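Biologist: Please take a close look at one part of this model for me. Pick a single element, then work outwards to whatever lies around it.

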Number of protein chains: 2
Amino acid sequence: MPKRRDNETETCPVARSLDLIGDRWCLLIVRDAFDGVRRFSEFQRRLGVARSILADRLRLLVEAGIFEVSPASDGTSYQEYVLTPKGERLFPVIVAFRQWGEQHLFGPRDAHSVLVDKGSGKPLTVMEPRSADGKVVRPWETTVKLPR
Amino acid sequence: MPKRRDNETETCPVARSLDLIGDRWCLLIVRDAFDGVRRFSEFQRRLGVARSILADRLRLLVEAGIFEVSPASDGTSYQEYVLTPKGERLFPVIVAFRQWGEQHLFGPRDAHSVLVDKGSGKPLTVMEPRSADGKVVRPWETTVKLPR
DNA sequence: CCGTATCCATTCCGATACTG
DNA sequence: CAGTATCGGAATGGATACGG
């Protein structure tokens, strides 16, 4: 299990998120789930992770309400791990990582996978943080307001 | 230094990103940088991380082209760590974590910090992945196209 | 096929002490 | 202040063996 701190006193949502799922395997499991993976051994095969680790992370993710277990959709008597709405809302996190990686971690020569809209077959547009009036805000145009 | 795999053969941008910076400390350092932190000891104070670890991560982040060192802006002879454009483009990643955490990791009672637009003082809108024509796409309306 | 339990090597991290 | 060096303990991860 990834490291934990006193999750109660932490008032930064970024830190709390990272404490919970800011671990390599958790995020890759979630990524695979967005690719449609649901079965234990399918996660295991794609990630190449030890089964004990995978079981541990899946347990954590279920506890956290990011996945839920459901009976297998095919005939078999095993279970599947499917994203809850809470888990699905991690989509922007995965997409943000993907877009940053695409832009900065691959040369023109390096082939990489691309996330596309099923309808049009085109890549998604780059996500940009916006203010309430819809304008794109740059990092230095924002500030963090502390609680209380 | 965080774990590394054979970064060359990895064709998933998410995995490559996580290999590089998908470590708790790196992302928290970047978060603090967006809050305006530039000095070694200021990072150290805010994160409570061991200095050796911090030095290690800063070195890694500079190597990765996410930070660059520059002479101190005040009179002192020390250096500052400032985000490069590549580092600044991690903003959506941090914002995505922040927004997810705000929505799912805090109860109504739990105070947390909020990222606001400096101009209006209002929180940012929630980022949503969009297709090329500007429509919001849900996870299951997308698919990953493999290279080659 | 789906996990759990155990063992061992490695890695990570924090505390401390030291340098310029 | 801004790091570097070292050291011991804790956590991690992979392999293997085992059970439902």
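Modeller: Start with a cut-off: a residue is buried if 20 or more other C-beta atoms lie within 10 Å of its own. The model is predicted. The part I pick is α2(B). Ten of its eleven residues are buried, so the rest of the structure largely encloses this helix.

Which residues of α2(B) are buried? They are B:Trp25, B:Cys26, B:Leu27, B:Leu28, B:Ile29, B:Val30, B:Arg31, B:Asp32, B:Ala33 and B:Phe34. Charged residues are on that list too, including B:Arg31 and B:Asp32. B:Gly36 follows the helix, and its phi is positive, near 100 degrees.

Now look at what touches α2(B). B:Ile94 is in contact with B:Val30, B:Arg31 and B:Phe34, and also with A:Val14 from the other chain; neighbours within four places in sequence are set aside here. B:Ile94 also stands out in the largest nonpolar core. That core has 63 residues, and A:Ile94 and B:Ile94 touch the most other members. In soluble globular proteins, nonpolar side chains tend to be buried together.

The contact with A:Val14 leads to the interface. Here 66 residues of chain B are in contact with 65 residues of chain A. α2 (24-34) of chain B supplies at least two residues of the side that touches chain A. So do α1 (13-21), α5 (85-88), α6 (91-104), β3 (114-117) and β4 (142-145) of chain B. α6(B) gives the most, with 13 residues. By type, this side of chain B divides into 33 nonpolar, 14 polar and 19 charged residues.

How are the two chains related? A rotation of 180 degrees, with 0.0 Å of shift along its axis, superposes chain B on chain A, and the RMSD is 0.0 Å. That is the relation of a two-fold axis. Both copies use the same surface: 98% of the contact residues of chain B recur in chain A.

Strands join across the interface as well. β4 (residues 142-145) of chain A pairs with β3(B) in the antiparallel sense, over four bridges. A:Thr143 stands opposite B:Val116, a residue of β3(B).

Next, move to α6 of chain A (residues 91-104), which holds A:Pro92. A:Pro92 has 21 other C-beta atoms within 10 Å, so this proline is buried. Beyond residues up to four places away in sequence, A:Pro92 touches A:Met127 in its own chain. From chain B, A:Pro92 touches B:Ala96, B:Met127, B:Glu128 and B:Pro129. A:Pro92 and A:Met127 are 35 residues apart in sequence, yet their C-alpha atoms are 8.2 Å apart.

A:Gln99 is in that helix of chain A too. A:Gln99 counts as buried because 23 C-beta neighbours lie inside 10 Å. With residues up to four places away in sequence left out, A:Gln99 touches A:Val126 and A:Met127. A:Gln99 and A:Met127 are 28 residues apart in sequence and 8.3 Å apart in space, C-alpha to C-alpha. A:Met127 is thus touched by A:Pro92 and by A:Gln99.

Step back to chain A as a whole. Six helices and four strands make up its elements. From the N terminus they run α-α-α-α-β-β-α-α-β-β. Of its 148 residues, 37% count as buried. The C-alpha trace spans about 55 × 45 × 30 Å along its principal axes.

The DNA brings us back to the second helix, this time in chain A. α2 (24-34) of chain A supplies at least two residues of the surface near DNA strand D. α4 (51-63) of chain A does so too, together with α3 (40-47) and α4 (51-63) of chain B. In total, 18 residues surround DNA strand D; the closest are A:Ala50, B:Phe40, B:Ser41, B:Ala55 and B:Tyr78. They divide into nine nonpolar, four polar and five charged.

Around DNA strand C there are 17 residues; the closest are A:Phe40, A:Ser41, A:Ala55, A:Tyr78 and B:Ala50. The elements giving two or more residues there are α3 (40-47) and α4 of chain A, with α4 of chain B. The surface near DNA strand C divides into eight nonpolar, four polar and five charged residues.

Conventions:
Residues are numbered from 1 along each chain as its sequence is written. Chains are lettered from A and ligands numbered from 1 in the order in which they are written. This is a predicted model: local features need pLDDT of at least 70, side-chain atom pairs count only at pLDDT 80 or more; totals for chains, interfaces and linings use all residues. A residue is near a molecule or strand if its C-beta atom, placed from the backbone, lies within 6 Å of it. Copies are superposed by least squares on the C-alpha atoms of residues with pLDDT of at least 70 in both. Two residues are in contact if their C-beta atoms, placed from the backbone, lie within 7 Å. A residue is buried if 20 or more other C-beta atoms lie within 10 Å of its own, exposed if 12 or fewer, and partly exposed in between; C-beta atoms are placed from the backbone. Two strands pair if DSSP finds at least two bridges between them. A nonpolar core is a set of buried Ala, Val, Leu, Ile, Met, Phe, Trp, Tyr and Cys residues joined through C-beta atoms within 7 Å.
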